[in-house]
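I opened my notebook for a first look at a protein I had not met before. Come along and read over my shoulder.

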Amino acid sequence: FWLKFWCPCPVQKTMPSKRRNNGRSKHGRGHTAIVRCSNCCRCVPKDKAIKRFIVRNIVDASAIRDIQDASVFDGYALPKIYRKVYYCISAAIHSKVVRVRSVKERRNREPPRRYAPRRDDKK
């Protein structure tokens, strides 16, 4: 009771927020499912986790040509591995999936530019 009148510091109405969405995409939901981080197995809320969809060939690049030469079928498409990966924030930063951005850069909501691999057609 007396602390309210005695406190020399000005009382702030709301806490400052670092991000517009507080690091989550949970708007209007009270609770979201929990997923495990692929790197460290930490429990992370599904809306807060950093999600990546990885598509890889089952066979590594060095063996693809050998398999195609030995294959009976012409133009056989080798199967791929499709995997949804979830990272917690600390594991994603540590493994360089995402980067720490400055206050000014955090306001930028557009995805980073993708650079297509350069093809040299000079033969």
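My entries below go from the overall layout to single residues.

**Entry 1, the layout.** I noted at the start that this is a predicted model. I then looked up the secondary structure and found 4 helices and 4 strands. Following the sequence, I wrote down the pattern α-β-β-β-α-β-α-α.

**Entry 2, inside and outside.** How many of the residues count as buried? I found 12% of the 123 residues. The accessible surface of the protein comes to about 12100 Å², and carbon and sulfur atoms hold 54% of that surface. I also checked the contacts with a separation of 6 or more: 59% of them are between residues 24 or more positions apart.

**Entry 3, the core.** Which residues make up the largest nonpolar core? I listed 7 residues: Val 35, Cys 37, Val 44, Ala 49, Tyr 86, Cys 88 and Ala 91.

**Entry 4, the cysteines.** I picked Cys 88 from that core list for a closer look. Cys 88 has a relative accessible area of 1%, so I put it down as buried. Setting aside neighbours within four places in sequence, I found Cys 88 in contact with Cys 37, Cys 40, Arg 42 and Val 44.

Next I looked for disulfides and counted 0. Why is Cys 88 not bonded to Cys 40? The closest cysteine sulfur to that of Cys 88 is the one in Cys 40, but at 3.6 Å it is too far for a bond, because a disulfide needs the two sulfur atoms within 2.5 Å. Cys 41 is in no disulfide either; its nearest cysteine sulfur, that of Cys 40, lies 6.9 Å away. With a relative accessibility of 48%, Cys 41 counts as partly exposed.

**Entry 5, two rings.** I searched for aromatic pairs and found 1. The ring centres of Phe 53 and Tyr 82 are 6.4 Å apart and the planes are at 25°, so I noted the pair as stacked. Where do the two residues sit? Phe 53 is in strand β3 (residues 50-57) and Tyr 82 is in strand β4 (residues 80-87). The pair thus links distant parts of the chain, 29 residues apart. Phe 53 and Tyr 82 are both exposed.

**Entry 6, an acid in a loop.** Is Asp 47 buried or exposed? I found Asp 47 in the loop between β2 (43-45) and β3. Its relative accessible area is 11%, so Asp 47 is buried. A polar contact of 3.0 Å joins its side chain to that of Arg 24. Beyond neighbours within four places in sequence, Asp 47 is in contact with Arg 24, Ser 25, Lys 26 and Thr 32.

Note on methods: Residues numbered from 1 in each chain as written. Predicted model: local features only at pLDDT ≥ 70, side-chain atom pairs only at ≥ 80, totals over all residues. Heavy atoms only, no water. Core = buried A, V, L, I, M, F, W, Y, C linked by side-chain atoms within 4.5 Å. Buried < 20%, exposed > 50% of the residue type's maximum accessible area, 1.4 Å probe, protein only. Contact = heavy atoms within 4.5 Å. Phe/Tyr/Trp six-rings, centres within 6.5 Å; stacked < 30°, edge-to-face > 60°. Polar contact = N/O pair within 3.5 Å; in protein donor to acceptor, adjacent residues only side chain to side chain. Areas by Shrake-Rupley, 256 points an atom, 1.4 Å probe, with all protein chains shown as cover.
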